[in-house]
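Visitor: Hi, could you walk me through this one? I'd like to start with the charged pairs and then move on to whatever else stands out.

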Amino acid sequence: MVKYITYGLDTVKSLKPRNFDWKEVPAESKAGIGFIAQEVEGIIPEIISESRPDGEGTSIKGMNYGALTSVLTKAIQEQQTII
């Protein structure tokens, strides 16, 4: 089934872009920008994944940034209507 997404401008306005340091990577690669998956999960749960790299223990959440494109596109369309 194909449906239009309901996310849009209000969704994008609620996202919180962040600067952060990656854990367990070389010092020169620590700095990152993006979103915190746990925060986005409450807003757009479909783009969040969860894995256990070692097969057990603590899980790691990740975000499908490519899927965010459709939400951003919808927000731009809504904004153009407002303008």
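**Salt bridges and surroundings**

Guide: Happy to. Searching the whole structure, which is a predicted model, turns up three salt bridges.

Visitor: What does Arg18 pair with?

Guide: Arg18 forms a salt bridge with Glu39, and their closest N and O atoms are 2.8 Å apart. This pair links distant parts of the chain, with Arg18 in strand β1 (residues 18-21) and Glu39 in helix α2 (residues 37-41), 21 residues apart.

Visitor: And is Arg18 buried or exposed?

Guide: In between: Arg18 has a relative accessible area of 32%, so it counts as partly exposed. Glu39 is also at 32% relative accessibility and is likewise partly exposed.

Visitor: Why would such side chains pair up?

Guide: As a general point, side chains of opposite charge can pair when their charged atoms come close.

Visitor: Okay, next. Which residue does Glu41 meet in a salt bridge?

Guide: Glu41 meets Lys61, at 2.5 Å from N to O. Glu41 belongs to helix α2 and Lys61 to strand β4 (residues 60-63), so the bridge ties together parts that are 20 residues apart in sequence.

Visitor: How accessible are Glu41 and Lys61?

Guide: Glu41 is partly exposed at 28% relative accessibility, and Lys61 is partly exposed with a relative accessible area of 27%.

Visitor: Where does the pair of Lys74 and Glu78 lie?

Guide: Both residues lie in helix α3 (residues 68-82), four residues apart, which is about one turn of the helix. The closest N and O atoms of the Lys74 and Glu78 salt bridge are 3.4 Å apart. Lys74 is partly exposed at 25% relative accessibility, and Glu78 is partly exposed at 27%.

Visitor: While we're on charges, how far apart are the mean positions of the positive and negative ones?

Guide: They are 6 Å apart, taken over 9 positive and 11 negative charges in the protein chain.

Visitor: Let's zoom out. What pattern does the chain follow along the sequence?

Guide: Reading along it gives α-β-β-α-β-β-α, which comes to three helices and four strands. The radius of gyration is 16 Å, well over the 12 Å that the globule rule gives for 83 residues, so the chain is more spread out than a compact globule.

Visitor: What does the C-alpha trace span?

Guide: About 45 × 35 × 20 Å along the principal axes.

Visitor: And how much of the chain counts as buried?

Guide: Of the 83 residues, 22% count as buried. The accessible surface comes to about 6,600 Å², and 55% of that belongs to carbon and sulfur atoms.

Visitor: What about contacts between residues 24 or more positions apart?

Guide: Those account for 41% of the contacts with a separation of 6 or more.

Visitor: Can you give me a concrete case? Say, what does Thr11 touch?

Guide: Leaving out residues up to four places away in sequence, Thr11 touches Ile43, Ile44 and Val71. Thr11 lies in helix α1 (residues 9-14). Its relative accessibility is 11%, and since the cut-off for buried is under 20%, Thr11 counts as buried.

Visitor: Ile43 came up there. Where does Ile43 lie?

Guide: Ile43 is in the loop between α2 and β3. With neighbours within four places in sequence set aside, Ile43 is in contact with Tyr7, Thr11, Ser14 and Leu15. Take Tyr7: Ile43 and Tyr7 are 36 residues apart in sequence, yet their C-alpha atoms are 9.0 Å apart in space. Ile43 counts as partly exposed, at 25% relative accessibility.

Visitor: Now another isoleucine. Is Ile33 buried or exposed?

Guide: Exposed, with a relative accessible area of 67%. Ile33 lies in strand β2 (residues 31-34). Ile33 touches Arg18, Asn19 and Phe20, not counting residues up to four places away in sequence.

Visitor: So Arg18 is back again. How far is Ile33 from Gln79?

Guide: Their C-alpha atoms are 25 Å apart in space, with their positions 46 residues apart in sequence.

Visitor: Last one: where does Asp54 lie?

Guide: Asp54 is in the loop between β3 (48-51) and β4. Asp54 is exposed, with a relative accessible area of 55%. From Asp54 to Leu9 the C-alpha distance is 38 Å, and the two are 45 residues apart in sequence.

Technical notes: Residues numbered from 1 in each chain as written. Predicted model: local features only at pLDDT ≥ 70, side-chain atom pairs only at ≥ 80, totals over all residues. Heavy atoms only, no water. Helix = DSSP H or I, 4+ residues; strand = E, 2+ residues; numbered from the N terminus. Rg over C-alpha atoms; globule rule 2.2 N^0.38 Å. Buried < 20%, exposed > 50% of the residue type's maximum accessible area, 1.4 Å probe, protein only. Contact = heavy atoms within 4.5 Å. Areas by Shrake-Rupley, 256 points an atom, 1.4 Å probe, with all protein chains shown as cover. Lys, Arg positive; Asp, Glu negative; His and termini not counted. Charge placed at Lys NZ, Arg CZ, Asp CG, Glu CD. Salt bridge = Lys/Arg side-chain N within 4 Å of Asp/Glu carboxyl O.
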